[in-house]
Each structure stands twice: as C-alpha cells, then as structure tokens.
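Please open the model in your viewer and keep the selection tool at hand. The tour below moves from the whole chain to single elements, and at each stop it says what to select and what is there.

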Amino acid sequence: MLLEAQIVQVHDADIARDSTNTRSTTVDQGGDAALAHQWSRVRARLQEEIGEVEYRNWLRQATLYGLDGDEITVMMPTRFLRDWVNKEYGALLTAFWQAENPIVRRVDIRTRPAGANNAVPNLGEPTPVQGGKAATAPRREVEDRSEAAALLDARFTFDTFVVGKPNEFAYACARRVADGHAAPGFNPLFLYGGVGLGKTHLMHAIAWELSHRDGGDVAVAYMSAEKFMHRFVTALRRQSTIEFKNELRSVDVLMVDDLQFLIGKDGTQEEFFHTFNALVDSGKQIIVSADKSPSDLSGIEDRLRTRLGCGMVADVHATTYELRLAILEAKASRAGVAVPGRVMEFLAQKITANVRELEGALNRLIAHAHLFARPVTLEAAHEVLHDLLRAYDRKITIEEIQKQVCEHYNIKISEMSSVRRARNVARPRQIAMFLAKQLTSRSLPEIGRKFGNRDHTTVMHAVAKVTELMAGDPDFAEDVDLLKRILAV
Ligand code: ADP
Ligand code: MG
C-alpha cells in the first residue's frame, strides 16, 4: 500500500495565511544551529519547570523535527507519549518555544502514523534530528527530496472536524467517499473554498479512514499540487517518468491538494490530466481541493476543468459565528482547558478570517495561561492577542499598500497602474497585488481595477507568483514580510 502524505504544503500553499499577523523570519532565528540551540534551551527550561523525574519519564525522547513557517514540529516515538505530552506539556512547550524564538507560534507534537511506515516501504523516511544535534529538516528540504515519506497529520480526522452549516455539505461528501463505496457521482470529489477552512483537514480525514479500513489495503496517495509537480519535474529530469506514471496509476485513491498551484504549469497539468483519466477510467477515486470551483479556476485547461467538474463539487464556505464558537469549544475541551464562555464568544466574534487563525489565537491564550499559571480571562485575551486583534480592527487600504510598496522599491506610484512590464516595476506591482489580496478583503476584480484596470486573472497570477517566489527565496520572503509588518501597524 502506498500512503504518501505530506504535511509541508499545507502551510506553504496558504497564500493568505497569517495575513494579519506576521513575524520576523530572519535566517538567524530559523537557522539550523540556532534552532538546535533554542531546542536545548527549551529542554533545559522544561526540565527545570517540571522536574528531573517527570522530564525523564515523558520528554526525554522528544526530538526536534524542524521549523516550518511559524510552526515547530516535535516528534514523539509513540502515540501514547505524543498524546500525553500534547495534553500535559503542549502549552508549556509552546510557551517556551515562543519565548526562545519569536517566529514560533505553534508547536506541533506528532508521531509517525502507525500505517505510514509499512505504507511506503521503499521511500526514505525523513530523519528526525536528535535534540542536541543540529536541527535541520526545515520541512521544505524534506519535500525537495522527492522520495521523502510523508505523514498525514494525526489531528486531521473526522473526529476532530466540527460540522456546521458552512461545511456540512463538504463534510457529508467527504464521509461518503471515505466509506469506500462512493457512487460514481462522487468521482472526482472536488472540495473548494478559502484558506484555512478545513479542506486539507477533510482530505487527511478521508485518507486516514480509507487507509485504515479493511486491513489497510486501500492504497491512498495524498500530495499537494506542488508536490505533484515537483515529483513530475524530478522524474523528467531523471528520465524516470514511466516509474512516476506507474506509481501514481497503481493507487486506489489519489488526492491532490491545492490544485490552483498547477495554474500556468502546462506540462504538469497535462500529466495530471492523463493520470486523472487513467485512474477514473479504471474506477479509482480522485479527490481534489482548490481555492475556487472548477469553473472559476481560470488558467486551467478546459478539458481538465470539464473533467474536474463532472463529479461532486462541494464548497467549504466561510465560517459563521456559530461554527467558530463550536470549534473553539471543541478545541478547548480537547485540550482540557477551562476557557470561559465569554472569552470564546469574544474570539468567535473577533477572529473571523479562518479556522487556522482562530485555532492559533486559542493556542496562544492557553499557552500563556499555562505559562503564568493564570486562568484564561477576557483581559488576558486582550493582552495576549493584542497584535492580532489590532490587525482586525484596522482596515488597510489598497492605496496605502501601493504607497508603501512604491516607497520601498523607490518607484513612482503611477507605475502601479502603468502598462510597463519591466521587472523593476512589474515585480513591486505584483507584490502590491499580493499584499492587497492578503491584507484587505477586496476581491480579485476589485484589486485588478485599482491597478490600472487589470483583469482579475492578472491579480491571481501575481498572487501565485509572489507565493512561489516567497517559497523559493528567503530574502524575497523576508522583504515581503517586512512590508506586511510595516503595513500592519
Ligand atoms: P485549508 O486546507 O482549507 O486551508 P486546513 O484544513 O488546513 O484549511 O484547516 C486549517 C486549520 O483549521 C487546521 O488546523 C484544521 O484542523 C482547522 N479546522 C478547519 N476547519 C475545521 C473544523 N470544521 N473543525 C475543526 N478544525 C478545523
Ligand atoms: Mg489546505
């Protein structure tokens, strides 16, 4: 059985992630040696805080896996230890990490899922790094080794998914497909919706369910569109496309997350199209997610669009207040922390962008309360989340963004609307479009209009391009993050 999951892209691909609250991402703070050093300090503080014995019993076996974006991943050898450490020390670990490294906002404690080891027998495992040694494995590196075995996120199951009006249809479809006897009408299943609303969660949940059913002989391959492309390109380079094709065509279920990243990648799209057809023709299930419906995914070839839309298309809508509240309640109770109703109502009212941000806010509150041994209160929420809340209170305009970007790159404001395509003006223009998408609630066509009446597809390409550059070039990413920080104050 092939279980190819990959946790990296979940974060890399989320364009609007953290749109309101950015942090420094200097290499110093995220570098290998620095991370290893920070990890040893976190361990020392933990030991001090909980005492020798407890530390030895529970935390000694923790290893640092790496830093990805604002998330640190710590590995535990068993599920039991993972759950225990999560419940008992998760908040403390988070708080100590946050104190050591300002980039860190979340600590993810995980274990290799039981099924995954035998699932991918021939593929190398990512090597967790022992505490003392250099903590490499920023996950992007793992991703680049195309054979890296990857993991399904153990938190992303149906059990932990809170169902409400905005997602009930998508959930029902996901359940149906996970039952394993999906009607042909559900192939492909196309899940779409904005960032941080649970698409990846649902896909992982389906993968978990299917790959643990019937003695686990359903072969599930899960990957991001970027990963798909990466593997395809690597196969081309190594002249091993036949193996690549065979491998993909041998699965029972193929899941491709964030398909919008195939826009403009014609060769990869073509390959995906053929894989898609081969699988569907032999009765295999395809599950795809994207940020838009097939008909709105401009830049996708028509024949692919048609095929994508001919199964079940399910929209994950923006959250409602009720759903946000229910999610907070579920997460607080799972974490075993008493969070007063008033605090949850406040968060549900304020933090509306997406579930990821909501979750992040709650985690920060819990970590803070734990660290200072204080109950979670409304005052604490105001204090701890003040940067996040301020960003919600403040409405950034496209004009401000354009002005700031022009100042930063030393170009004239008129270049934002000009037709010139020289790199030195086109790139800042793209960055401004990207920031407009991230920091305002304007739609793509609205943004396009503010940039010399450009088409919404131009804005979309700009967003994709900047995202891609940020993923590949830390200096560039830092520059964009800096602009975001300046704009957010
Ligand atoms: P997307 O793939 O749509 O960008 P994710 O699936 O990565 O979003 O979800 C972002 C975060 O929010 C994850 O931690 C996920 O577990 C959580 N989340 C989203 N929707 C729900 C939900 N309905 N119930 C519980 N957690 C959710
Ligand atoms: Mg996702």
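The protein chain comes to 23 helices and 9 strands, where helices (H or I, at least four residues) and strands (E, at least two) are DSSP runs numbered from the N terminus. This is a predicted model, in which local features need pLDDT of at least 70 and side-chain atom pairs count only at pLDDT 80 or more, while totals for chains, interfaces and linings use all residues. Residues are numbered from 1 along each chain as its sequence is written, chains are lettered from A and ligands numbered from 1 in the order in which they are written, and side-chain values use heavy atoms, with hydrogens and water left out.

With the whole chain still selected, note that buried residues make up 56% of its 489 residues; buried means under 20% relative accessible area, exposed over 50%, and partly exposed in between, for a 1.4 Å probe and protein chains only. Of the contacts (heavy atoms within 4.5 Å) with a separation of 6 or more, 76% are between residues 24 or more positions apart.

Next, select helix H3, residues 32-50. At 1.5 Å a residue, its 19 residues should span 27 Å, and its end C-alpha atoms are 27 Å apart, which agrees; the expected span is 1.5 Å times one less than the number of residues. Colour Leu35, Ala36, Gln38, Trp39, Val42, Arg43, Leu46 and Ile50, which are the buried residues of H3. Looking down the axis of H3, you will find these buried residues within an arc of 160 degrees, so they line one face of the helix, the arc being that of the directions from the helix axis to the C-beta atoms. Turn to the other side of H3, where Ala33 and Glu48 are exposed, and then step on to Gly51, which follows H3 and has a positive phi, near 90 degrees.

Now select strand E5, residues 189-193, where 5 of the 5 residues are buried, so the strand is largely enclosed by the rest of the structure. Leu189, Leu191 and Gly193 are buried on one side, and Phe190 and Tyr192 are buried on the other. Add strand E8 (residues 285-290), which pairs with E5 in the parallel sense over 4 bridges; two strands pair if DSSP finds at least two bridges between them. Phe190 stands opposite Val288 in E8. Then add strand E9 (residues 312-316), which runs parallel to E5 and is joined to it by 5 bridges, with Tyr192 opposite Asp315.

For a pair of helices, select H10 (residues 225-237) and H11 (residues 241-249), which pack at an angle of about 145 degrees with their axes 7 Å apart. Axes are lines fitted to C-alpha atoms, for helices over the stretch in contact, and angles run from 0 to 180 degrees between N-to-C directions. Show the side chains of Phe228, Arg231, Phe232, Ala235 and Leu236 in H10, which meet Thr241, Phe244, Glu247 and Leu248 in H11. The buried residues of H11 are Thr241, Phe244 and Leu248. They cover an arc of only 60 degrees around the axis, which puts them on the same side of H11.

Finish at Tyr409 in helix H19 (residues 398-409), a partly exposed residue with a relative accessible area of 25%. Leaving aside residues up to four places away in sequence, Tyr409 touches Pro428, Ile431, Asp479 and Leu483.
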